[in-house]
Amino acid sequence: HGRLKVKTSEEQAEAKRLEREQKLKLYQSATQAVFQKRQAGELDESVLELTSQILGANPDFATLWNCRREVLQQLEAQKSPEELAALVKAELGFLESCLRVNPKSYGTWHHRCWLLGRLPEPNWARELELCARFLEIDERNFHCWDYRRFVAAQAAVAPAEELAFTDSLITRNFSNYSSWHYRSCLLPQLHPQPDSGSRGRLPEDVLLKELELVQNAFFTDPNDQSAWFYHRWLLGRADPQDALHCLHVSRDEACLTVSFSRPLLVGSRTETLLLMVDESPLTVEWRTPDGRNRPSHLCDLPAASLNDQLPQHSFRVIWMAGDAQKECVLLKGRQEAWCRDSATDEQLFRCELSVEKSTVLQSELESCKELQELEPENKVSAHHHPADAGAGPPAVSCACENRHQGGPVGRRKAADTRTSLRPHQAVDPMRAAYLDDLRSKFLLENSVLKMEYADVRVLHLGHKDLTVLCHLEQLLLVTHLDLSHNRLRALPPALAALRCLEVLQANDNALESLDGVANLPRLQELSVCNNRILPSGALQTVGQGSTTDSKQGLQQPAVLQPLASCPKLVLLNLQGNPLCQAVDISEHLAEMLPSVNSVLT
C-alpha cells in the first residue's frame with residue numbers, strides 16, 4: 001500500500017524469530033491455563049486477566065470471549081452494584097482497546113452487544129459516539145455499521161437522524177456500501193407506502209431526490225460499484241401480482257396441472273391450494289413435475305372426476321395465499337381442457353408502470369447512455385446500462401423494460417437484441433456468459449409473447465443462439481418445441497413442466513446429456529442430432545447380477561436412462577453424437593426403451 005519494504009539483516013531476522021517464539025510460548029501457556037481453570041470451574045477474575053493478555057493481542061479467539069462471558073455472569077451474583085459497575089466500565093474499556101487492535105473483529109463487537117444488553121441503563125449516546133469515531137477511521141467498516149444499527153434500534157434513534165448521518169459519510173466518500181445500504185433501510189421507514197409490501201418502494205419526489213444523489217456519485221467515480229448497487233435498489237419495482245396463469249386437465253393422464261406466477265411450496269402454512277371438481281372440494285396430493293420447488297404443480301385425478309358419462313366436468317383451483325383462482329370445463333368426448341391468461345390482457349413478464357415512473361425511468365436510461373458515452377470503456381456503467389431492447393442487467397433493465405407497444409422505453413425487435421449487447425461483452429469479457437444468458441432470456445420472452453398473440457401451441461426457438469432456457473412454466477400447453485441450432489449445453493429439469501409436449505427437436509446444440517428430458521408424459525418424438533452426448537462412464541444393467549456378467553443382463557448407457565420415464569416415446573434420433581459409436585448401442589437402446597419403434601443412430 002505504498003510503503004517501501006526495508007530489507008533486514010540476518011541478525012535482525014533471527015532476533016525477530018526468537019521474539020516470535022517467546023510470544024508464542026507465552027500465548028500457549030496462557031491459553032492452556034485458561035482452559036484448565038475453565039475445566040476446573042474456577043471462573044474468577046484471574047481468568048479475566050489471562051484472557052485479557054491473549055485477546056489484547058488476538059481479539060479473534062471466540063472461545064476466550066465465551067470464557068469471559070461465563071466469568072462475568074458468575075461475578076454478577078457475587079459483586080455489589082458499585083463493584084459490578086466498575087467491572088463493566090473496565091470491560092468496555094478493554095473492548096475498545098481490542099477494537100483498536102482489530103476494528104473488524106467479529107467476537108469483539110458481538111461481546112460488546114452482549115455486555116450492553118445486560119446493563120439496566122446502557123449509555124447509548126456514548127456507543128453512538130464510539131461508532132462515529134471508528135467510522136471516521138474507516139467509513140466502510142461494516143462491522144461497525146452493524147453495531148450502529150443495533151445501537152440505534154436500542155436507543156430508538158429517529159430514522160431522520162440516522163439518514164442525516166449517512167448523508168455526512170456519503171458526502172465525504174461515495175464509496176461506502178454500508179452507508180448506501182443503510183439508506184435503503186431508513187427511507188422506507190421515513191416514507192412508508194401502503195402498497196409497497198416488503199420491497200419498500202418510495203414516493204416519486206423522494207425517488208427523484210435520491211436519484212440525483214446517486215447520479216452525482218457514479219458520475220464522480222463510474223468505476224465504484226457501491227452507488228450502482230443503490231441505483232439498482234432505487235429502480236427496482238414491486239413483485240408482479242400473484243396470479244394463476246394456466247390450468248390444464250388431461251383425461252388420458254388423469255392429471256390436472258396448474259402454473260403460477262412464482263414458485264410455490266404447496267402444503268406449507270402460507271401456500272394452500274383448494275381443488276373443486278363439479279363444485280365439490282376434492283382432496284389431492286400436489287407435486288411438481290420434477291420434485292423441485294417450481295411454479296408448476298400437478299395432481300392425479302380419480303376416475304370418477306373424469307367419467308365420460310356426464311356431459312361435462314368443471315375443475316376450479318383456488319390459490320388461497322395468492323387470492324387467485326381459475327376454472328376450466330372438460331366436455332364429454334374431449335381428452336383435455338384448459339384455461340389460461342391472454343397475453344393481450346396481462347403481460348407475462350413485467351409489472352405495470354405509471355406514466356410518472358416511466359418518465360423517471362426514461363430519464364435514468366438517458367443518464368446511463370450519457371455516462372457510457374463519456375466512459376465507453378467503463379465496465380460498471382456498461383454492466384448497468386439497460387442497452388437496446390430494454391434487456392440490460394437488473395439495475396436498470398428490470399425497471400426500464402416496458403412491453404407496451406407505445407411505451408416510453410419500448411422493447412426493440414428480437415433481431416436487435418443480439419447486437420445490442422455485443423459492445424458490453426467487448427468491454428467486459430468476464431461477464432460475456434452472463435450477457436449471453438440475459439440475451440437468451442429476452443429472446444425467449446419475445447418468442448413466447450408472439451406465440452401467445454398467435455394463439456398456437458408450437459414454439460420455434462431455432463437459430464437464436466440461445467445459451468439458456470427460462471420461463472418454461474409459461475409453456476405448459478406447447479405441443480411442439482424446436483430448440484435446434486443454438487448453444488445449449490443442457491436441457492433443464494424444469495422442462496418437465498411441458499406436460500403437453502409431443503415433439504422436441506434440439507439438433508445442433510452442445511448437449512452433453514439428456515437429464516432434462518424426463519417425466520414428459522406425451523413426448524412421442526425426440527431429435528437430438530449433432531450434439532455431444534457421450535456414453536456414461538458408469539453402465540447400468542438390466543436384470544439382476546453384476547455388470548460384468550453379460551449373461552445376466554445388458555450393460556446400458558446411463559445417460560439415456562431419463563428417456564425411460566417418457567412412456568409414449570416412439571421416435572428417437574441420436575445421429576451425430578459420440579454415443580452412437582458405443583459398442584452394441586442399438587441392442588442397449590432396444591432393451592432400455594422397448595416402446596421406441598424407430599431409433600436412428
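## Close-up views of a predicted model

**View 1. Helix H1 and the residue that follows it.** Just after helix H1, glycine 41 adopts a positive phi of about 80 degrees; this and all the views below are taken from a predicted model. Helix H1 itself covers residues 10-40, and its 31 residues reach 45 Å from the first C-alpha to the last, which is close to the 45 Å expected at 1.5 Å a residue. Ala30, Thr31 and Val34 are buried in H1. The partners against which the buried residues of H1 pack are helix H2 (45-55) and helix H3 (62-76).

**View 2. Threonine 51 in helix H2.** Threonine 51 belongs to helix H2, and because its relative accessible area is 0%, where buried means under 20%, this threonine counts as buried. Leaving aside residues up to four places away in sequence, threonine 51 touches Val34, Gly56, Leu64 and Arg68, and of these Val34 is itself one of the buried residues of H1. Threonine 31, also buried in H1, is 20 residues from threonine 51 in sequence, and the two lie 7.6 Å apart in space, taken from C-alpha to C-alpha.

**View 3. The second largest pocket and its lining.** The volume of the second largest pocket is about 330 Å³, and 18 residues line it, with Leu84, Ala85, Val88, Leu119 and Pro120 lying nearest its centre. Two or more lining residues come from each of H3, helix H4 (81-101) and helix H5 (106-117). H4 gives the most to this lining, with 7 residues. Helix H3, which appears here as a contributor to the lining, is also one of the helices against which the buried residues of H1 pack.

**View 4. The open sheet that contains strands E1 and E2.** Four strands form an open sheet in the order E5-E2-E1-E8, and their pairing is antiparallel. Strand E5 (296-300) and strand E8 (336-340) are the edge strands, each of which pairs on one side only. On average, and with direction ignored, neighbouring strands of this sheet are turned by 10 degrees against each other. Within the sheet, strand E1 (residues 244-250) and strand E2 (residues 255-260) run antiparallel and are joined by 6 bridges. For a reader following individual residues across this pair, cysteine 246 stands opposite serine 259 in E2.

**View 5. The open sheet that contains strands E3 and E6.** Another open sheet of 4 strands has the order E4-E3-E6-E7, again with antiparallel pairing. Its edge strands, each pairing on one side only, are strand E4 (280-282) and strand E7 (324-331). Here the neighbouring strands are turned by 25 degrees against each other on average, direction ignored. Strand E3 (residues 273-277) pairs with strand E6 (residues 312-319) in the antiparallel sense over 5 bridges, and across this pair valine 277 stands opposite phenylalanine 315 in E6.

**View 6. Edge strand E7 and its two faces.** Strand E7 runs antiparallel to E6, and 8 bridges join them. One residue pair that can be followed here is that of valine 317 with lysine 326, its bridge partner in E7. The side chains of E7 alternate along the strand: Ala324, Lys326, Cys328 and Leu330 point to one face and are buried, whereas Gln325, Glu327, Val329 and Leu331 point to the other face and are not buried. Lysine 326 is thus shown both as the bridge partner of valine 317 and as a member of the buried face of E7.

**View 7. Two aspartates with positive phi in loops.** Aspartate 455 lies in the loop between helix H17 (432-454) and strand E9 (458-460), and its phi is near 55 degrees, a positive value in a residue other than glycine. Because exposed means over 50% relative accessible area, aspartate 455, at 58%, counts as exposed. Aspartate 465 is found in the loop between E9 and strand E10 (480-482), and although this residue is not a glycine, its phi is positive at about 60 degrees. With a relative accessible area of 27%, aspartate 465 is partly exposed.

**View 8. The chain as a whole, for orientation.** The chain has 18 helices and 16 strands, and buried residues make up 47% of its 601 residues. Among the contacts in the chain that link residues at least 6 apart in sequence, 58% join residues at least 24 apart.

Terms used: Residues numbered from 1 in each chain as written. Predicted model: local features only at pLDDT ≥ 70, side-chain atom pairs only at ≥ 80, totals over all residues. Heavy atoms only, no water. Pairing = 2+ DSSP bridges. Axes fitted to C-alpha atoms, helices over the stretch in contact; angles between N-to-C directions. Expected span 1.5 Å × (residues − 1). Buried < 20%, exposed > 50% of the residue type's maximum accessible area, 1.4 Å probe, protein only. Contact = heavy atoms within 4.5 Å. 1 Å grid on protein atoms, 1.4 Å probe; cavity = no way out; pocket = protein on both sides within 12 Å on 5 of 7 lines; lining within 4 Å. Points joined across faces, edges and corners; volume = space filled by probe spheres on them.
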